Amino acid sequence: MTTDLNLKRLGFFLRRQLYLNFSTMWMALATILGLLFLISAIVLYARPAIVMGLPGLMGLRNFYLVVFMLAGYVFTSKVFDEMHAPQKSYMFLTLPVSATEKLLSAWLITSPVYVLFFGLVMLLLSLFASLFSGQLHALPYLFDEHFFNCIKVYLVTQAVFLLGATAFRGNNFLKTLLALIVVAFAIAAYTGGLGYLLFGQSNYRGGPSDEFKDTAEYIFKNIIPLLFWWLLAPFMLLVSYFKLKERQV
């Protein structure tokens, strides 16, 4: 089994994945696009003042972003379905392609390619909605800082679902969500227990000290954003790589 990274081989593998294994997913994306056009037309025809708590076009834009993120996570969770299918896994695992190339192709398809594809879809939908509502001047304002922040959050958190796609052998999306909920509960229980041990048993009523506040503020303003934006996705991709290597041995 080859272990290096060859760009030509990666290109062939990408074409194979797109042509052979994603016809169902392309059909699902086309269905979602059709539904979004239909929902947009119905909403604009009804001319509501508020959509998702915001004025018409901006509310529709946020609805598109919610669909973009959910569809992306589901799409990512299914990217290694071939590897987990008993009838197809042997062929997939014995392809002359390294784990690096398999992981890189899956990431390229579900992250930058998906973002570009759905970005184009959102542009078309927003153009349609702006023209239909007679507010073409509002089109540039739909792609504001909030829009690009959502794209950045997707590019980071999508790696969590890519790890779920390599680790679980069925219902990957739901199992990844369940794992995230369990981790969130574990962190909440740990921090709650730690706070109780520090302050609960001593009946301390003086509140946190200035030093404690400064430390907490530094952690939440500097450490946690650094971990989220720069380390979370590379760490998840690294673990996904080892999961793929484990399956190929």
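# Reading helix packing and empty space

Me: Which residues in H3 meet which residues in H7?

Reply: From H3 come Arg61, Asn62, Leu65, Phe68, Met69, Gly72, Tyr73, Thr76 and Ser77. Their partners in H7 are His146, Phe147, Cys150, Ile151, Val153, Tyr154, Thr157, Gln158, Phe161, Leu162 and Ala165. Sorted by class, this contact of H3 with H7 has 12 nonpolar, seven polar and one charged residues. Keep in mind as we go that this is a predicted model.

Me: Thanks! At what angle do H3 and H7 pack, and how far apart are their axes?

Reply: Helix H3 covers residues 56-77 and helix H7 covers residues 145-167; they pack at an angle of about 20 degrees, and their axes are 8 Å apart. Because of that angle, H3 is roughly parallel to H7. To place the label, remember that angles under 35 degrees count as roughly parallel and those over 145 as roughly antiparallel. As for handedness, H3 and H7 make a right-handed crossing.

Me: Let me try the next pair. Is H3 roughly parallel or roughly antiparallel to H6?

Reply: Start from the angle again: the axes of H3 and H6 cross at roughly 155 degrees and come within 10 Å. So H3 is roughly antiparallel to H6. The crossing of H3 and H6 is right-handed. On the H3 side, the contact includes Leu57, Leu60, Tyr64, Val67, Ala71 and Phe75, while H6 offers residues including Ile109, Phe118, Leu125, Ala129 and Ser133. This contact of H3 with H6 divides into 15 nonpolar, six polar and one charged residues.

Me: And how do H6 and H7 cross?

Reply: Their axes come within 11 Å and cross at roughly 150 degrees, so H6 is roughly antiparallel to H7. H6 passes H7 in a right-handed crossing. Leu103, Ala106, Trp107, Thr110, Ser111, Tyr114, Val115 and Met122 of H6 meet Phe147, Ile151, Tyr154, Leu155, Gln158 and Leu162 of H7. By class, the contact of H6 with H7 has 11 nonpolar, three polar and no charged residues.

Me: Now for empty space. How many cavities of 30 Å³ or more does the structure hold?

Reply: The general idea is that rolling a probe the size of a water molecule over the atoms shows where empty space is left. Here, the structure holds two cavities of 30 Å³ or more. Take the second largest cavity, with a volume of about 30 Å³. Its lining is made of Leu29, Ile32, Leu33, Phe117, Phe118 and Val121. Helix H2 (23-46) and helix H6 (99-133) are the elements that each give two or more residues to that lining. By class, the lining of the second largest cavity has six nonpolar, no polar and no charged residues.

Me: What about the largest pocket: which helix gives the most to its lining?

Reply: H9 does, with six residues. Helix H8 (172-200) and helix H9 (210-248) each supply at least two residues of this lining. The largest pocket holds about 320 Å³ of space and is lined by 11 residues, with Thr191, Leu194, Phe212, Ile219 and Phe220 nearest its centre. The lining of the largest pocket divides into eight nonpolar, three polar and no charged residues.

Note on methods:
Residues are numbered from 1 along each chain as its sequence is written. This is a predicted model: local features need pLDDT of at least 70, side-chain atom pairs count only at pLDDT 80 or more; totals for chains, interfaces and linings use all residues. Side-chain values use heavy atoms; hydrogens and water are left out. Axes are lines fitted to C-alpha atoms, for helices over the stretch in contact, and angles run from 0 to 180 degrees between N-to-C directions. Helices (H or I, at least four residues) and strands (E, at least two) are DSSP runs, numbered from the N terminus. Angles under 35 degrees count as roughly parallel, over 145 as roughly antiparallel, 65 to 115 as roughly perpendicular and the rest as oblique. A crossing is left-handed if the near helix is turned anticlockwise from the far one by less than a right angle, and right-handed if clockwise. Contact means heavy atoms within 4.5 Å. Ala, Val, Leu, Ile, Met, Phe, Trp, Tyr, Cys and Pro count as nonpolar, Asp, Glu, Lys and Arg as charged, and the others, Gly among them, as polar. On a 1 Å grid over the protein atoms alone, a cavity is a set of points where a 1.4 Å probe fits but cannot get out, and a pocket is an open set with protein on both sides within 12 Å along at least five of seven lines; lining residues have an atom within 4 Å of a point. Grid points are joined across faces, edges and corners, and a volume is the space filled by probe spheres set on the points.
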